Amino acid sequence: MAMIDVAALFDEAKRRDVRRTLGAAGDAYMAAAPAQVEACCARWGLTFEGTAPGGYPTNLTLFVRRGEERAVLKLGSGDPEQLTEIEALELFAGRHAVRFMAADRSIPALLIERVEPGTELKALGDNREESRIAAALMAALPAGVPATHGLPSVADWLGRALAGYRKDRRDARLAPFIDRTAHLFDALTARSSGERLLHGDLHHENVLFDEARGWLAIDPKGVIGPVEFECGRFIHNFMEGYDEGQLRACIAERADCIGETLGIAPEWVLEAGLIDATMGTCWALASHFGDIDRAVTKIRVMASLLDA
């Protein structure tokens, strides 16, 4: 195999994003990547084909081939969620999710099947159909919780997020929803059918179409929690350019469709969305990242739908 250099893995824009996100550690991550990719290719018998478009600065996603089998190699920068993704995909075992092939946790590196053509769910452009497909995955994907694991829980996620906000109170607009979110999560947990291994980030870009296997989930966070929580991430994402009225109509339609498909009340779907959005906004405030104005608007919309 020809030697791989940094320029082949990180274009100029990606290098900027890595440095902005990881700081000085980003240069070390990029410098180590070529040798790590070559080691993975040698170990697993892979041929490097090129880099995949997009992706996060903390992850390098590459197209590879093993014999005639086309695959994806993901190279991480050490974020703990890269390890929980590996564990989750192993436990999902290819059921309704991209198939795990191999991993090296010391890098971390992950080899998975390539989803082809890999059409994102959001490309359908039909809110009800997208919601129906996502809801079918929400029902089928959750897996049993193993006796021993290294996965976080939704309760831990939420507890840390709300505690961080209560300590710093960076944006007063979120304050009315903090206690409400805690109470809603307690109620959701009490009525839940049980805790399972959840994807934890099931939205429109993490559901891809494979011509042989149908719609599959990719990029799981891997988290243990009540099964109904899996609805939350989906209903408040990917509504770019919508005004408040359009947000309200879109979210309500998603809640109705998901509730109907799962056989639960639409209000429960909205509650999961409010919990997830409030938690995510706490994270965004702590990291100084994200559109807080937009996030608060969506939280208010979901709260108003619940109060209607």
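Select Asn59 to begin: in this predicted model, Asn59 is buried, with a relative accessible area of 12%. Asn59 belongs to strand S2. Show its side chain together with that of Gln82, and a polar contact of 3.5 Å between the two side chains appears. Now display the residues in contact with Asn59, leaving aside neighbours within four places in sequence: they are Lys14, Tyr29, Lys74, Leu75, Gly76 and Gln82.

**The strands around S2**

Extend the selection to residues 59-66, which make up S2, and add residues 47-51, which make up strand S1. S1 and S2 run antiparallel and are joined by four bridges. To find one position in this pairing, pick Phe48, whose bridge partner in S2 is Val64.

Next add strand S3, residues 69-76. S2 and S3 also run antiparallel, with eight bridges between them. Here, pick Leu60 and look across to Leu75 in S3, which stands opposite. Then follow S2 into the turn: S2 and S3 form a hairpin with two residues between them. Stop at Gly67 in that turn, where phi is positive, at about 65 degrees. While the strands are on screen, show their side chains as well: in a regular strand, side chains alternate between the two faces of the sheet.

**The cysteines**

Colour the cysteine sulfurs. How many disulfides does a search of the whole structure find? The search finds zero. Zoom in on Cys40, which is in no disulfide; the sulfur of Cys41 is the nearest cysteine sulfur, 7.0 Å away. Cys40 is buried, at a relative accessible area of 2%. Then go to Cys257, also in no disulfide, where the nearest cysteine sulfur is that of Cys250 at 11 Å. Cys257 counts as buried because its relative accessibility is 5%, below the 20% cut-off.

**Helix H5 and what covers it**

Select residues 127-140, helix H5. The helix has 14 residues, and the distance from its first C-alpha to its last is 20 Å, close to the 20 Å expected at 1.5 Å a residue. At its N-terminal end, show Asp126, which caps the helix: a side-chain oxygen of Asp126 lies 3.1 Å from the backbone nitrogen of Arg128.

Which residues of H5 are buried? They are Asn127, Glu130, Ser131, Ile133, Ala134, Ala135, Leu137 and Met138. To see what covers these residues, bring up strand S8 (207-210), strand S9 (214-217), helix H8 (232-235) and helix H9 (244-262), which are among the covering elements.

Keep S8 and S9 on screen. They pair in the antiparallel sense over four bridges and form a hairpin with three residues between them. Within this pair, pick Leu208 and its bridge partner in S9, Leu216.

**Thr297 in H11**

For the last stop, select Thr297, located in helix H11, residues 292-307. Is Thr297 buried or partly exposed? Its relative accessibility is 24%, so Thr297 counts as partly exposed. The side chain of Thr297 reaches the backbone oxygen of Asp293 at 3.0 Å.

Finally, display the contacts of Thr297 beyond four places in sequence: Glu244 and Leu247. Draw a C-alpha to C-alpha distance from Thr297 to Glu244, and the viewer should give 7.5 Å for two residues that are 53 residues apart in sequence. Glu244 falls in the range of H9, residues 244-262, so keep that helix selected from the previous stop.

Definitions and conventions. Residues are numbered from 1 along each chain as its sequence is written. This is a predicted model: local features need pLDDT of at least 70, side-chain atom pairs count only at pLDDT 80 or more; totals for chains, interfaces and linings use all residues. Side-chain values use heavy atoms; hydrogens and water are left out. The expected span of a helix is 1.5 Å times one less than its number of residues. Buried means under 20% relative accessible area, exposed over 50%, partly exposed in between (1.4 Å probe, protein chains only). Contact means heavy atoms within 4.5 Å. A polar contact is a pair of N or O atoms within 3.5 Å; within protein, one must be able to donate a hydrogen and the other to accept it, and residues adjacent in sequence count only if both atoms are side-chain atoms. A disulfide is a pair of cysteine sulfur atoms within 2.5 Å. Two strands pair if DSSP finds at least two bridges between them.
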